[in-house]
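Hi,

Here is the structure I said I would pass on. Have a look at it first, and then read my notes underneath.

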Amino acid sequence: MSQTFDYLADLNARKLQWNFKVYVIRVWQLPNRYNEGEVGTIEVIIEDSQGTRLQVSIPKSLVSKWRGVLVQFQMYIMTNFIVVDNQKGNISRGKYLLFFSHRTIVSHVENPSFSLNAFRFRTIRELLNAEKIDDSALFDMIGEVVGKEDPKELITSKGKETKRLAVILEDLENNRIGCTIFGEMVDQLLRHMQDGRVEPLIVVVQYFKATRWNGKTSVQSHFDISQLHIDSNLKDVAEFRSRLLGGEPSSSVRISQVPSKTAWSGVEELKQGAVSVKTIEEVLIQHEEGPAWIAASIVAINVTKDDWFYKSCRKCPKKVETPIGNRYECGKFKVEVMVFDGTGSIRLLLWDKETSMLCGKRAEQIMEDDVIVGDEYPKTLDNMMEKRVLFKINIKEANINQFDHVYTVMKICDDEDIIDKNLSKELSTNLPSNVSNLKNRDIFL
């Protein structure tokens, strides 16, 4: 007698004895929220014969039991789950989430009984022509890498060092779109991008999101769930390559170097004329994520002697943990400031490049030259006080929901002529050209 299975679409929270036959579409790990060095949960996307997908979470208590057991694109029979409401609208966007328990049983299916549809592709044309972009929707895309920028090192809003690489993807209809990847995927892709490559580099980007800024649409990876596939044995990659080359070998160089957009300074971006400068009052009531320019003066520096920098070394990607005497070998700026524009005040986080530009010294120079008294920050940082600056800030969901009151600065411009040209009459009137030198305690009591 053949075994019967439940469908994911029929899932509800009224029982625990569910019996599913599914493919594993994606497996990834999330760090422990209190210790990023530990695995907090294992997350899994599964799909049944009807094409329904759901997200499964394996809690920390079961991570050691299940780590490495579930293999992507393999079929399994899974039974006994805890079913909970998907209140946060997680990746699968289904009504429910499944949780492994100590009673969950999983067995591998050697001979699959239905075919695997691993990817749900959106086309480049579809994204470019979309009237509106939903940047919360995740999807897959396939294309040939035909251009690349130089990789960049950057610091996340949480102070984590990572990498960024922008490439250009092209489809079989010669449509092109920019694609940005982060983290370990950068090294994964660079290994295949040697100079003079004549074979097409075809990639599948899985669980990426679309963005649109200043009318230009692009795609980018989205935290840990995103994955890059560079596997010529994948059916979709093999079919794409066959249609691309028509069975003929490739003989010309296929990936070109393109100018890096991240090389633009704030000055160059502002000179393009497509920038709209907002007031702080407008930023504080904004309900959309994304970058925004504001013009403001720095009125307070909210740091002490030990938290105006983070430990780092330019010779290696790891943070330095061993001090030399009372000093660290290398250091970079991480400075929180308060700025004011006449309509309100806002807290900003300045990283190394922007702080160096505004105070006129590198963090390492200050470590060597400045005498720090008591709990005060280095006096060199006061060089930033009272300056009128155009700040490009990143407005995150946590800022909008008021979980995080500090906005990360992406770029700056302190050129007075450019500041004046980019201010409306209202801003020009409100923004003070000189403000009183307020100490930390005056602002943050």
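Below is what I found, going from the whole chain to a few local spots.

Before anything else, please keep in mind that this is a predicted model. The chain has 445 residues, and 46% of them are buried. You will find twelve helices and 22 strands in the chain. I also looked at contacts between residues at least 6 apart in sequence: 67% of these join residues at least 24 apart.

**The second largest pocket and α4**

This pocket has a volume of about 340 Å³. Its lining is made of 13 residues, and the ones nearest the centre are Ile 142, Asp 171, Leu 172, Phe 240 and Arg 243. By type, the lining residues split into six nonpolar, six charged and one polar. Which elements each supply at least two residues of that lining? They are β8 (138–148) and α4 (235–245). The most comes from α4, which gives four residues.

Helix α4 is worth a closer look for its buried side, too. Val 237, Phe 240 and Leu 245 are buried there. Looking down the axis of α4, you see its buried residues fall within an arc of 110°, so they line one face of the helix. The background is simple: an α-helix has 3.6 residues a turn, so residues three or four places apart point the same way. As for what covers the buried residues of α4, β8, β10 (161–170) and β12 (202–213) are among the elements that do so. Phe 240 therefore turns up twice, as a buried residue of α4 and as one of the residues nearest the pocket centre. Just after the helix comes Gly 246, with a positive phi of about 60°.

**Around β13**

Strand β13 (residues 216–221) has two pairings to show you. With β11 (residues 176–182) the pairing is parallel, over three bridges. With β12 it is antiparallel, over six bridges. Gln 220 in β13 takes part in both: it is the bridge partner of Thr 180 and also of Lys 209. β12 and β13 form a hairpin with two residues between the strands, and Asn 214 in that hairpin takes a positive phi near 55°.

**Val 186**

Val 186 sits in helix α3 (residues 184–190). Is Val 186 buried or exposed? Its relative accessible area is 0%, and buried means under 20%, so Val 186 counts as buried. Setting aside neighbours within four places in sequence, Val 186 is in contact with Pro 151, Lys 163, Arg 164, Leu 165 and Ile 181. Take Pro 151 from that list: Val 186 is 35 residues from Pro 151 in sequence, while their C-alpha atoms are 7.6 Å apart in space.

**β21 and the strands it pairs with**

The last spot is strand β21 (residues 388–395). Seven of its eight residues are buried, which leaves the strand mostly covered. β21 pairs with β17 (residues 290–301) in the antiparallel sense over eight bridges, and Arg 388 in β21 is the bridge partner of Ser 297. β21 also runs antiparallel to β22 (residues 406–413), joined by five bridges. There, Asn 394 has Thr 408 in β22 as its bridge partner.

Happy to go through any of this together.

Cheers

How values were computed. Residues are numbered from 1 along each chain as its sequence is written. This is a predicted model: local features need pLDDT of at least 70, side-chain atom pairs count only at pLDDT 80 or more; totals for chains, interfaces and linings use all residues. Side-chain values use heavy atoms; hydrogens and water are left out. Buried means under 20% relative accessible area, exposed over 50%, partly exposed in between (1.4 Å probe, protein chains only). Two strands pair if DSSP finds at least two bridges between them. On a 1 Å grid over the protein atoms alone, a cavity is a set of points where a 1.4 Å probe fits but cannot get out, and a pocket is an open set with protein on both sides within 12 Å along at least five of seven lines; lining residues have an atom within 4 Å of a point. Grid points are joined across faces, edges and corners, and a volume is the space filled by probe spheres set on the points. Ala, Val, Leu, Ile, Met, Phe, Trp, Tyr, Cys and Pro count as nonpolar, Asp, Glu, Lys and Arg as charged, and the others, Gly among them, as polar. The arc is that of the directions from the helix axis to the C-beta atoms. Contact means heavy atoms within 4.5 Å.
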